[in-house]
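Hi,

Here's the structure I said I'd pass along. Have a look at it first, then read on for what turned up.

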Amino acid sequence: MHSKRRVSPTTRRELLGAGAALLPAWQASLAPAALAAAGPAAVAGRGARESRFLQFDSPEDEFRAHFRYERDLRDEGQALTWYHFTQYAVAEGERPVPIVRYEGMEFSYFRRVRDLTWRIHAHNVSFPRRLADGAFTTEVPNPLTGATLRPQPIVLLDDPGVLYSPRGYLPLDSREAHWLPSFRTFRIDGDSVVVDHVRPTPEGWPKTFIEASTSSAPRAAFDDPRVTSLPCIVTGFYVFPFPKWMEMGERRGHMIGAWFGHKLGGVQELPEDFRARIQRERPELLRPRWAEFDRPMRFEA
């Protein structure tokens, strides 16, 4: 499913995420109770942590490896990512401050349209939570301005879709068939395989935008060609101009969003209170929107 690897000498504007259902075994071994039971001698005797970069025999093999993190190598499938992210205001001349936490999900659905090329559509739903106690909220303070802000739930349904292949990303609302390459680096980290990924910026997006993520999957699953969709944990960040709801006025600066997420096996694995709120307010978004594929594509895949 992925190639034999060579070891080298020395990876939606408002939000994103992808993540995992399994913790790597080494993380469980570092739990406080485990360390206390093992004692200082056992901890000191672990030896050097294995860390090395991976290279692939071809761009196609590297693409297959990354697609197992983000989605699934099957011809058609779904991928559900659940995450928390915090938005920070970074104003020129001021200390950065956290403003609000969100809990959300990205539900994507995809079909292979030709060899190693998938068409992908997705929708996102996120609800604001207070920083202090995590309760769902409709109001948060902005310590930089003294204003009371009213962050709204984020429901993104207008994703135009994208083609993804070893050539890169091709947003389906692009004016021309210009594939955007992405940056990826794979490395072994103990019992995990980690990929750092920088998503390319589509045309027309702000100059100050960047989105990057780090995904971690169990090494045993990564090395098993039968696993077409890797269980993984995802962390990441994005930088974006101040949104209007933050009411920053003429202040210069930008927003940073930082997230932590899990790739889940389906909506049944969503936390109960989060799933219950979607069920009350937007139950149709707990299902894939396959009708998106009925829209004709402007480009040949």
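Let me start with a puzzle: does His84 count as buried, partly exposed or exposed? With a relative accessibility of 22%, His84 comes out as partly exposed, just past the 20% under which a residue would be called buried. Do keep in mind that this is a predicted model.

His84 sits in strand β3. Setting aside the residues within four places in sequence, its contacts are Arg101, Tyr102, Glu103, Arg129, Ala258, Trp259 and Phe260. In the same part of the chain as those last three, Gly261 has its C-alpha atom 6.4 Å from that of His84, although the two positions lie 177 residues apart along the chain.Another long-range pairing of positions involves Gly93, which is in the loop between β3 and β4. Gly93 is exposed, at 80% relative accessible area. Its C-alpha atom is 9.0 Å from that of Arg252, and these two residues are 159 apart along the chain.

**The cores**

The largest nonpolar core has 38 residues, and the members that touch the most others are Tyr69, Ile99, Phe186, Phe222 and Met246. Apart from it there is another core of 14 residues, including Leu80, Leu264, Leu270 and Phe293. As a general point, nonpolar side chains in soluble globular proteins tend to be buried together.

Phe186 is a good residue to click on. What is Phe186 in contact with, once neighbours within four places in sequence are left aside? The list is Phe53, Leu54, Phe56, Glu62, Ala65, His66, Tyr69, Val194, Val195 and Phe222.

**Rings and charges**

There are 22 aromatic pairs in the model. One of the pairs is Phe56 with Phe186: the ring centres are 4.9 Å apart and the planes are at 70°, so this is an edge-to-face arrangement. Phe56 belongs to the loop between β2 (51-55) and α3 (59-70), while Phe186 belongs to strand β11 (residues 183-189), so the pair ties together parts that are 130 residues apart in sequence. Phe56 and Phe186 are both buried.

Elsewhere, ring pairs join Phe63, Phe67, Phe110, Trp118, Tyr164 and Tyr169 into a cluster.

Two arginines sit over rings, which may interest you:

- Arg129 has its charged end over the ring of Phe136, 3.7 Å from the centre.
- Arg68 is over the face of Phe222, 5.6 Å from the ring centre.

Arg129 also appears among the contacts of His84, and Phe222 among those of Phe186.

**Helix α5**

In α5 (residues 272-281), the buried residues include Phe274, Arg277 and Ile278. Why do these three end up on the same side of α5? They cover an arc of only 95° around the axis, which puts them there together. The general background is that an α-helix has 3.6 residues a turn, so residues three or four places apart point the same way. The face of α5 turned away from the buried side carries exposed Glu272 and Arg280. Among the elements covering the buried residues of α5 are β3 (76-91), β4 (97-114) and β5 (117-129).

**Strands**

Strand β9 (residues 162-165) has Val162 and Tyr164 pointing one way and Leu163 and Ser165 the other, and all of them are buried. That fits the general pattern of side chains alternating between the two faces of the sheet in a regular strand. Here is how β9 is paired:

- With β5, the pairing is antiparallel over 3 bridges, and Leu163 in β9 is the bridge partner of Arg119.
- With β10 (residues 168-171), the strands run antiparallel and are joined by 4 bridges. Val162 has Pro171 in β10 as its bridge partner.
- β9 and β10 form a hairpin with 2 residues between them.

Tyr164 of β9 is also one of the rings in the cluster mentioned above.

How many of the 8 residues of β12 (residues 192-199) are buried? It is 6, so β12 is largely enclosed by the rest of the structure. Strand β12 runs antiparallel to β11, with 7 bridges joining them, and Asp189 stands opposite Ser192. β11 and β12 make a hairpin with 2 residues between the strands, where Gly190 takes a positive phi near 60°. Strand β13 (residues 210-218) is antiparallel to β12 as well, joined to it by 8 bridges, and there Glu211 is the bridge partner of Arg199.

Over to you!

Key: Residues are numbered from 1 along each chain as its sequence is written. Side-chain values use heavy atoms; hydrogens and water are left out. A nonpolar core is a set of buried Ala, Val, Leu, Ile, Met, Phe, Trp, Tyr and Cys residues joined through side-chain atoms within 4.5 Å. Buried means under 20% relative accessible area, exposed over 50%, partly exposed in between (1.4 Å probe, protein chains only). Contact means heavy atoms within 4.5 Å. Rings of Phe, Tyr and Trp (its six-membered ring) pair if their centres lie within 6.5 Å; planes under 30 degrees apart count as stacked, over 60 as edge-to-face and the rest as tilted. A charge sits over a ring if NZ of Lys or CZ of Arg is within 6 Å of the ring centre and within 35 degrees of the ring normal. The arc is that of the directions from the helix axis to the C-beta atoms. Two strands pair if DSSP finds at least two bridges between them.
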